[in-house]
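Please open the model in your viewer and keep the sequence panel beside it. The stops below go from one strand and its neighbours to a pocket.

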Amino acid sequence: MHYAKPPIMLSDVIADTPQVHELLRQNAPYTPLGGWFRPQQGQQEPTSPMWFQNDWVHGDVAVPGADLFMLHEEVTEAAREFYEAEVVIPHTLYVNLMACLAESGPAHTDNPLFEGRDRTNTPMWLLRTMLWSGLFEDWTIRQATSIWWMNDVDGGGLLYWPDGPASPPQRHCENMTNTALLGDNHGMFHQVEPVGPFDQGTRLVTASAELAPENDGTGDWAVRDHGKIAYRAPLEDFRISVLWKAHIYRDQQEQEERQANPLSLEQVARIFGDDLEAKGSPLRLDLEDLDNPEQAMAIAAVYPEAIPVDVGRSIFDALM
Ligand SMILES: [Fe+2]
């Protein structure tokens, strides 16, 4: 497995930060993170930490004003420099707003993408197993990620493992306002540290809670959960980060060649089959049985994910 090199730190990234406040207001409300972390949670129980997330650019959707980040010249240039690549294609922008998490986020690498295979046509367990197998580098779409921080809050630092999961992490904390970290979050483990205020531990809301400006002249934002205010605080007290992702190709020729050779599921099964055979394993990837968790666990066990050293306890482990 190849691990990423250290990310590039940028400062004074956004010249016009009030424009970000405007973007945040225009695109409220924000909803709790769900998805692959805890997909089966119900709507009625207060099981979600106050980790809110919305997409600003995804697929064909882009909110007005998103170009402030999407077309950011310094970030794009840093991506070129990091990968020594000419082609940078920004494709995704999303925002995290967090408060009151007494534990860390999960230590993780971001979900991989391959030419022809992504979460719309391939189960996530298989994409992640493809990543950890190291067998699909020729089809991996390299991703640059920039994380930009709006402000400094109590806690809320970022741990990252630039020297691989077996070496101690580095830490970006305090003085995070208007900085960004540009690197390979698909190859480098990273983890959000606990976010304050810490006076009441981790506060939980239901999956249908919403975070939005109060519009009562105070400047506060509030979390409303089933009609009641679960929490309110000035916007500056929430940890706010904006994440930008781009496809990377060395040059146009590489882009054309790679895009002309998308991976089929049959190829995926064949490549795993050859490797499993070489390992002396009787397992094979059964494409008719991709939703079977037993098959997923058996194959994933052959290609285990690394576990980084010195991780903080994850909020999602704490809640399970
Ligand atoms: Fe991440």
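Two strands count as paired if DSSP finds at least two bridges between them. The model is a predicted one.

Start by selecting strand 16, residues 239–249. Now add strand 6 (87–98). Strand 6 and strand 16 run antiparallel and are joined by eleven bridges. To check the register, pick Asn96 and look for its bridge partner in strand 16, which is Ser241.

Next, select strand 7 (142–149). Strand 7 is also antiparallel to strand 16, with eight bridges between them. Here, Ile147 has Leu243 of strand 16 as its bridge partner.

Go back to strand 16 and show its side chains. In a regular strand, side chains alternate between the two faces of the sheet. Colour Arg239, Ser241, Leu243, Lys245, His247 and Tyr249 for one side, and Ile240, Val242, Trp244, Ala246 and Ile248 for the other. Are these two faces covered or open? Both are covered, and every residue just listed is buried. Because eleven of its eleven residues are buried, strand 16 is largely enclosed by the rest of the structure.

Last, turn to the largest pocket, which holds about 1100 Å³ of space. To centre the view, select Thr92, Tyr94, Asn111, Arg119 and Lys245, the lining residues nearest its centre. The full lining has 44 residues: 17 nonpolar, 19 polar and eight charged. Elements that give two or more residues to this lining include strands 6, 7 and 16, as well as strand 4 (51–58), helix 4 (124–133) and strand 11 (190–192).

Note on methods
Residues numbered from 1 in each chain as written. Predicted model: local features only at pLDDT ≥ 70, side-chain atom pairs only at ≥ 80, totals over all residues. Heavy atoms only, no water. 1 Å grid on protein atoms, 1.4 Å probe; cavity = no way out; pocket = protein on both sides within 12 Å on 5 of 7 lines; lining within 4 Å. Points joined across faces, edges and corners; volume = space filled by probe spheres on them. Helix = DSSP H or I, 4+ residues; strand = E, 2+ residues; numbered from the N terminus. Nonpolar A, V, L, I, M, F, W, Y, C, P; charged D, E, K, R; others polar. Buried < 20%, exposed > 50% of the residue type's maximum accessible area, 1.4 Å probe, protein only.
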